[in-house]
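Here are my notes on the model, point by point. Please read them with the structure open.

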Number of protein chains: 4
Amino acid sequence: MSKLDCVVKEIADEMRQRPDRGAVADYIAELAHIDPKAFGLAVIDADGELACGGDCDTSFSIQSISKVFTLTLALGKVGDRLWQRVGREPSGSPFNSIVQLERERGIPRNPFINAGAIAVTDVILSGHQPREALGEILRFMQFLADDPSITIDSAVAASEDRTGFRNRALANYMKSFGVLENPVDFILGVYFHHCAIAMSCRQLALAGRFLAHQGRNPSTGLSVVQPERARRINAIMLTCGHYDGSGEFAYRVGLPGKSGVGGGILAIAPGKASVAVWSPGLDASGNSHLGRIALEALTNRMGWSIFGG
Amino acid sequence: MSKLDCVVKEIADEMRQRPDRGAVADYIAELAHIDPKAFGLAVIDADGELACGGDCDTSFSIQSISKVFTLTLALGKVGDRLWQRVGREPSGSPFNSIVQLERERGIPRNPFINAGAIAVTDVILSGHQPREALGEILRFMQFLADDPSITIDSAVAASEDRTGFRNRALANYMKSFGVLENPVDFILGVYFHHCAIAMSCRQLALAGRFLAHQGRNPSTGLSVVQPERARRINAIMLTCGHYDGSGEFAYRVGLPGKSGVGGGILAIAPGKASVAVWSPGLDASGNSHLGRIALEALTNRMGWSIFGG
Amino acid sequence: MSKLDCVVKEIADEMRQRPDRGAVADYIAELAHIDPKAFGLAVIDADGELACGGDCDTSFSIQSISKVFTLTLALGKVGDRLWQRVGREPSGSPFNSIVQLERERGIPRNPFINAGAIAVTDVILSGHQPREALGEILRFMQFLADDPSITIDSAVAASEDRTGFRNRALANYMKSFGVLENPVDFILGVYFHHCAIAMSCRQLALAGRFLAHQGRNPSTGLSVVQPERARRINAIMLTCGHYDGSGEFAYRVGLPGKSGVGGGILAIAPGKASVAVWSPGLDASGNSHLGRIALEALTNRMGWSIFGG
Amino acid sequence: MSKLDCVVKEIADEMRQRPDRGAVADYIAELAHIDPKAFGLAVIDADGELACGGDCDTSFSIQSISKVFTLTLALGKVGDRLWQRVGREPSGSPFNSIVQLERERGIPRNPFINAGAIAVTDVILSGHQPREALGEILRFMQFLADDPSITIDSAVAASEDRTGFRNRALANYMKSFGVLENPVDFILGVYFHHCAIAMSCRQLALAGRFLAHQGRNPSTGLSVVQPERARRINAIMLTCGHYDGSGEFAYRVGLPGKSGVGGGILAIAPGKASVAVWSPGLDASGNSHLGRIALEALTNRMGWSIFGG
């Protein structure tokens, strides 16, 4: 049993016993039913060794983690022109804040807050029907994870569509500044659905590998993006991946990471590993409570912090 | 001649020829006279090899770079209790913004915006006379750089003291929330003086070595801070070290760094090197224009980005 | 010819000759075609004497002036419970600002900014179909002006419906806080249509009479609201009727007034007269440029300022 | 006994019996000792009839009410050029907010929030020594009230000087934008002292008479300002006189008024009366709780609302 295997099992055990689990998001009705005790962890290293702990094969709603992959697709489609539509600075605000948009005339601060991810979805949608755009995103996830069984949980998407008033506000607000090209309903349709992609920790860790290895899948050798682009996506994950908890995540975990309100986090140890963790209880900033703690333990024990071994 | 040496000389040459140099800060009268064509670069690697280019022995006002070292001192003095007085999230705002303080009842977002650094200075000052506190800071810099000739440019400090109305506003504002313990004039006296420390790129790169090497000077073996603390200071530099240009710096350079309005930047390549660059012209966010470009070239050519080689 | 008649004619003449006319609103496509030279003024005093100048029988889109009448209806329906849904403080912000809503959890500052008027429309709509609610509002206007020919310009309403992204953002945003009860599309349907009511200055001055005379029409003796309610509506018009130009309007004109982006203003001289003015060119705050100047002349020459004769 | 006399006595009796009194300001140490049961009311009508109730001859610290008189003096000194230094729009913010200053580059919204009053004091100070400027303000109050015994409570001024960190922040902040001409310490010295002027309700009602009567004292016939200026000062009092409670005051009381944190309010019934009320307990917006209630009763019973009899 490798060191990585031991550490992953150890952490999964420790997390199972902790009484503090955060609060499961209740604003998306379908997510409120998830067992707060669930915990999964999957790590896949440069050699392709996969270490799994806990419920690492249970699917969960990846939610905002999808923003990493839509950002990758949009950059592939329009390149650096994307940055005319969205910034890349931390916002210092919660994930769904609208204040900053008023001051900056509809340009979202970064692609990982909701407004920014909606602008990214608009870019992917351009020239397509919503169904096509969504198909492209889903196929990309299936390709990255090498798993055609990955699907969208349409009940979650429908639940968001019924109650996602704040995202609807953000999108209409950007539309009023001319920042969005497509009809708001089309954009949100795609957005709610790509957030509702369901994946397990194992699948997610596989999907993130290209970010850890200079844009390539080291097992297949297939290139997804250029090395520089992989580095830059990691940089944005580090500074912006956890909303107004991004500084805290960098401080404690020391890895680029992106959280989702479903309780998942994808974290990248450049050159070393791709990591996915899931525990549905959230902290005050909307990030997985145990997920962050597990990653802090992992990075400490493996010496993987990008800020010094 | 080592690869590092070649790269450093190459970059210094390239920078000398660029016509775009940013604008020298004019709000501190003493700094307005600096030659905008100055450029210096010093890199010291894990083995202690020092590579120098351009005006790497010319002293400049380190200004906000001093905040890295006062943070280190304050953490040494009160440990994690410091975080009751100042946060560690990016602010998404310019260096001297006061808006966030009103909403968050006088607690600055992080120790690298002015308000946060003033709170850090207050911590260092407690129990001391201003002169003693300042002596402690200066001796710490001399110790780290192993150079007792480092001094404070009192003309710069006096210039700030006369015209630093916004810092005076920030300090009084925090004082009104009870966040500061000492008299505002004492705190600002120390603050303006530690910002006025004058150092060369060579001295600054030496002073920053402990951050690149798990808290220790690898040449002397002397420990300055625990490894975890060094990592965490690097994390804060990455997310907050360049004000509202922090995301951009992470995206382009991919190293923890801290800029000063005097045109200097200290950057840390964990496990690899400590880097100091200086060019007095600033970009719109108040960070050295050529300094950032030089660091981007350096990190690309040396493969030092923390986000993937 | 009475003094009032002379003053009104005089002002209409003066306004015709002024070169400065402001800029016609172009964000509602249908309004962009209006002749910028149009000017109308109608004043009806306590005795029912009507003085008219310029294009006082030309219909224009009353837009936000309708908010005075929907506020009156909503207060009639739910009384002071309305103030649980909307405040009555000046906002210090433009008519369509969303920032304040985030800080105050979806409760608009007052019923005369767009967000507040949308909340008022929601109150009127409750228990009704949109068509019924709209019918009620239109019949109220016809009753007040004693003129069943008043109609809604459905081209203007349709134009707003197509392009009113910011109002859609405001409504969805409030909905996300649970401040609105009805479906957003229903509320906005009614809102866009009541803003598109077309009236002449003559009709509007008649409709506003109850506010000048303790809640009653002094000619018919019919009571619309209690005296205290009329006073209070006037107070809100004074402090909030011109968005972030409310202070300026109070300072220069000295009458409660409500402007619309169609270029109309309804102003009330309590105990003395109801005044409607129309000129489609707007100032930077979105209020009729010549309309305000004409009212300043009127109030000065008639000695009608509520702040001293 | 006149109706006015009866109403005033009646209100003073009612107020004496109310259990709800608000909370005495404690941030100025000297004010914290005031008896929360104190209540005074003085009304002087157009004929010079004075009606007094309760503690109408007890001196209290007029605090921000002094801003009405410094505004009058500054307008006398520089006329409408004053409006290049301070706006006249309601701020929608608490009295000591600093946020709006950042967005509007140091120009305060109106002369009745602290920042605006500090800018007004700077105007009065220009060309004078602090002592002279203060003498001018004090003599103006003595002249208006026809009472040379009015003085400044220097203990209150000293208390503010020691603890007025937020005002010091506001002043330094404006100074950083170049909005203030004189040294911050000089301006604040004058500001803290004119806020510490001590007056009784009787004296204050006398001092405010010119605002009720077209700029003149109707008893002596002496003109203080032109009629238009009196109207305009009243307009600013109406829209801005009670900070973020200005809309509420207009809605309930219907008179121009200016409150002070000492519990006093000066209210003007144009053409009818000058009113001063004092009760030290404050509401959440920092305005006298019983003072506002007493004025609401007075204006209702006398039919003095400017928004309709």
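**Notes on strands, domains and chain pairs**

1. Start with the hairpin in chain D. Strands β2(D) and β3(D) form it, with 4 residues between them. In the turn, D:Gly48 has a positive phi of about 90°. Keep in mind that this is a predicted model.

2. The pairing inside this hairpin is antiparallel, and 5 bridges join β2(D) to β3(D), residues 50-54 of chain D. To check the register, look at D:Val43, which stands opposite D:Ala51 in β3(D).

3. β2(D) has another partner to inspect. Strand β9 of chain D, residues 273-278, also runs antiparallel to β2(D), and 6 bridges join the two. Here the register can be read from D:Ile44, which stands opposite D:Ser274 in β9(D).

4. How many residues of β2(D) are buried? The strand spans residues 40-45 of chain D, and 6 of its 6 residues are buried. In a regular strand the side chains alternate between the two faces of the sheet. Both faces of β2(D) are covered. One side carries D:Gly40, D:Ala42 and D:Ile44. The other side carries D:Leu41, D:Val43 and D:Asp45. Note that the charged residue D:Asp45 is among the buried ones.

5. Next, the domains of chain A. Domain 1 is made of three segments, 3-61, 199-220 and 232-302, while domain 2 covers 64-197. Their centres, taken over C-alpha atoms, are separated by 21 Å.

6. The domains of chain A touch each other. The contact involves 27 residues of domain 1 and 30 residues of domain 2. On the domain 1 side, the elements giving two or more residues are α9 (201-207), α11 (227-240), β7 (257-259) and β8 (264-269) of chain A. Which of them gives the most? That is α11(A), with 5 residues. By class, the domain 1 side has 15 nonpolar, 9 polar and 3 charged residues.

7. Now the pair of chains A and B. Chain B is superposed on chain A by a rotation of 180°, with 0.0 Å of shift along the axis and an RMSD of 0.0 Å. That is why the relation is one of a two-fold axis. The same surface serves both copies, as 100% of the contact residues of chain B recur in chain A.

8. The contact between these chains takes in 34 residues of chain B and 34 residues of chain A. On the chain B side, α11 (227-240) and α12 (246-252) are the elements that give two or more residues. The largest share comes from α11(B), with 10 residues. The chain B side divides into 13 nonpolar, 14 polar and 7 charged residues.

9. Finally, chains D and B. A turn of 180° and a shift of 0.0 Å along the axis lay chain D on chain B, with an RMSD of 0.0 Å. Which residue of chain D comes closest to the rotation axis? It is D:Ala169, whose C-alpha is at 1.9 Å. Here too the same surface serves both copies, with 100% of the contact residues of chain D recurring in chain B.

Terms used: Residues are numbered from 1 along each chain as its sequence is written. Chains are lettered from A and ligands numbered from 1 in the order in which they are written. This is a predicted model: local features need pLDDT of at least 70, side-chain atom pairs count only at pLDDT 80 or more; totals for chains, interfaces and linings use all residues. Domain bounds come from an automatic or database domain assignment. Two residues are in contact if their C-beta atoms, placed from the backbone, lie within 7 Å. Copies are superposed by least squares on the C-alpha atoms of residues with pLDDT of at least 70 in both. A residue is buried if 20 or more other C-beta atoms lie within 10 Å of its own, exposed if 12 or fewer, and partly exposed in between; C-beta atoms are placed from the backbone. Two strands pair if DSSP finds at least two bridges between them.
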